[in-house]
Amino acid sequence: MNFLTTNNFNRAELDALIASALDLKSGVAEAKPLAGRSVALVFFNPSLRTRASMQVGIYELGGNAVILEPGSTSWTLEHREGAVMDGDKTEHLKEFVRVLERYVSAIGVRTFAELKDWETERTDPILNAFAKYASVPIINLESAMHHPCQAMADMMTIKERSDTERTEKDQNKSSESSAAKKILLTWAWHPKPLPMAVPNSFALAAAQFGHNLRIAHPKGYELDDELIEEIKKHSADAGGSVEFTNDVESAFDDVEVVYAKSWGSKYHYGNANQDIRERSVYRDKWIVDEAKMARTNDAIFMHCLPVRRNVIVTDGVIDSPRSVVIDEAENRLHVQKAILTELIKV
Ligand code: CP
């Protein structure tokens, strides 16, 4: 079993992972399912949270992390089937994966979109090549299209905060809040185009968990059509809702969660300069600031990090008591331990 996207898991399975992560966080679960075993972490791109939380999580589960960086601390890798390898790639994924799995019980992979060719990159070719050649579980640590570990940490953070606030309200004999939240996923201006994995996975998971989701972005920054259809279907199945808007002000009205993220236009993959020119008009407009947060229903502020302060979000918002960005980062550790424990059971 792999963990490539939350789409491969049903609601009960996702709920069970979050329950397990909450147990691990509270110290209830102390098993060492990785005792005597190793897990490879393959990073084609930089990372703070993913790398540190996976390495610490594997250690806490009793295991050993083997970190590899193709093109830096390990050989450059070719993933295309039938490639004539007379260029700059030294090793094929077929050998890389088959050798590695003789040593390790699972492989985590980080491989960002290069934002060069939308039609190819939207199929997650490198991640899927790992899944094709491996017989051990593959864990997506952020691919071109998905960042499911981040999305699960985000869903855990929303549940955790919601449960805490509900308990406080109950103590004050106030009305009970619903588990389904009104959530805004908002595009934000950034000086250069970024991959779509985080917004894709966040929107998908929010729909699977039955939240009422509003997605705001300027025209031209639509998510993948096929993914939007999946999000709509999951939302309907889970009793939630999904709506889209291009209005960055009214988008904030009455929501309980604000999730900010910038991403590149799928229409400008291969032409970053065109995207940079077109997005320039959104600078200072598509930013999460105090005025927009004042339109919400006392929303919490979320971002996967790293974040550019006073570009994506103002200091006043990210430093406010409603900001949960550090909790999201902490929850990466707990949810990934839950995922690892589940995958190696099978
Ligand atoms: N959110 C996240 O994945 O952070 P890193 O890129 O630092 O791993």
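User: Which side chain does Lys25 meet in a salt bridge?

Analyst: The side chain of Lys25 pairs with that of Glu330, at 4.0 Å from N to O. A salt bridge here is a side-chain nitrogen of Lys or Arg within 4 Å of a carboxyl oxygen of Asp or Glu. The pair connects distant parts of the chain, 305 residues apart: Lys25 belongs to helix H1 (residues 11-26) and Glu330 to helix H12. Helices (H or I, at least four residues) and strands (E, at least two) are DSSP runs, numbered from the N terminus.

User: What kind of model is this, and how are residues numbered?

Analyst: The model is predicted, so local features need pLDDT of at least 70 and side-chain atom pairs count only at pLDDT 80 or more, while totals for chains, interfaces and linings use all residues. Residues are numbered from 1 along each chain as its sequence is written, and side-chain values use heavy atoms, with hydrogens and water left out.

User: Back to that pair. Is Lys25 buried, partly exposed or exposed?

Analyst: Lys25 is partly exposed, because its relative accessibility is 28%. Glu330 is also partly exposed, at 37%. Buried means under 20% relative accessible area, exposed over 50%, and partly exposed in between (1.4 Å probe, protein chains only).

User: How many salt bridges are there in the whole structure?

Analyst: The search finds 28. As background, side chains of opposite charge can pair when their charged atoms come close.

User: What about Lys266, which residue is its partner?

Analyst: Lys266 forms a salt bridge with Asp225, and their closest N and O atoms are 3.4 Å apart. Lys266 is in the loop between strand S10 (257-261) and helix H9 (272-279), whereas Asp225 is in helix H8 (residues 225-238), so the pair ties together parts that are 41 residues apart in sequence. Lys266 is buried at 9% relative accessibility, but Asp225 is exposed at 53%.

User: Where else in H8 should I look? Which residue pairs with Asp237?

Analyst: Asp237 forms a salt bridge with Lys233, with 2.9 Å between the closest N and O atoms. Because they are 4 residues apart in helix H8, about one helical turn separates them. Both residues are exposed. Elsewhere, Arg161, Glu165, Asp298 and Arg322 are joined into one network by salt bridges that share partners.

User: New topic. Which residues surround the ligand?

Analyst: They are Ser47, Leu48, Arg49, Thr50, Arg110, His147, Gln150, Cys304, Leu305 and Arg332. A residue is listed if one of its heavy atoms lies within 4 Å of the ligand.

User: And what are the polar distances to Arg49, Cys304 and Leu305?

Analyst: A polar side-chain atom of Arg49 is 2.9 Å from a ligand oxygen. On the backbone side, a polar atom of Cys304 lies 3.0 Å from a ligand nitrogen, and a polar atom of Leu305 lies 2.9 Å from a ligand nitrogen. Of the 260 Å² of accessible area that the ligand has on its own, the protein covers 93%. A polar contact is a pair of N or O atoms within 3.5 Å; within protein, one must be able to donate a hydrogen and the other to accept it, and residues adjacent in sequence count only if both atoms are side-chain atoms. Accessible areas come from the Shrake-Rupley method with a 1.4 Å probe; for residues, only the protein chains shown count as cover.

User: What is notable about the backbone at Leu305?

Analyst: Leu305 has a positive phi of about 65° although it is not a glycine. Leu305 lies in the loop between S11 and H11 and is buried, at 14% relative accessibility. A cis peptide bond, with omega about 0°, joins Leu305 to Pro306.

User: Arg332 was also in the ligand list. Where is it, and which residues does it touch?

Analyst: Arg332 is in helix H12 (residues 325-345). Leaving out residues up to four places away in sequence, Arg332 touches Arg49, Thr50, Ser53, His147, Cys149, Gln150 and Ala153. Contact means heavy atoms within 4.5 Å.

User: Which side chain of opposite charge is nearest to Arg332?

Analyst: The nearest is Glu142, 6.7 Å away; Arg332 is buried and has no salt bridge. Lys and Arg count as positive and Asp and Glu as negative; His and the chain ends are not counted. Glu142 is itself buried, at 9% relative accessibility, and its phi is near 115°, a positive value in a residue other than glycine.
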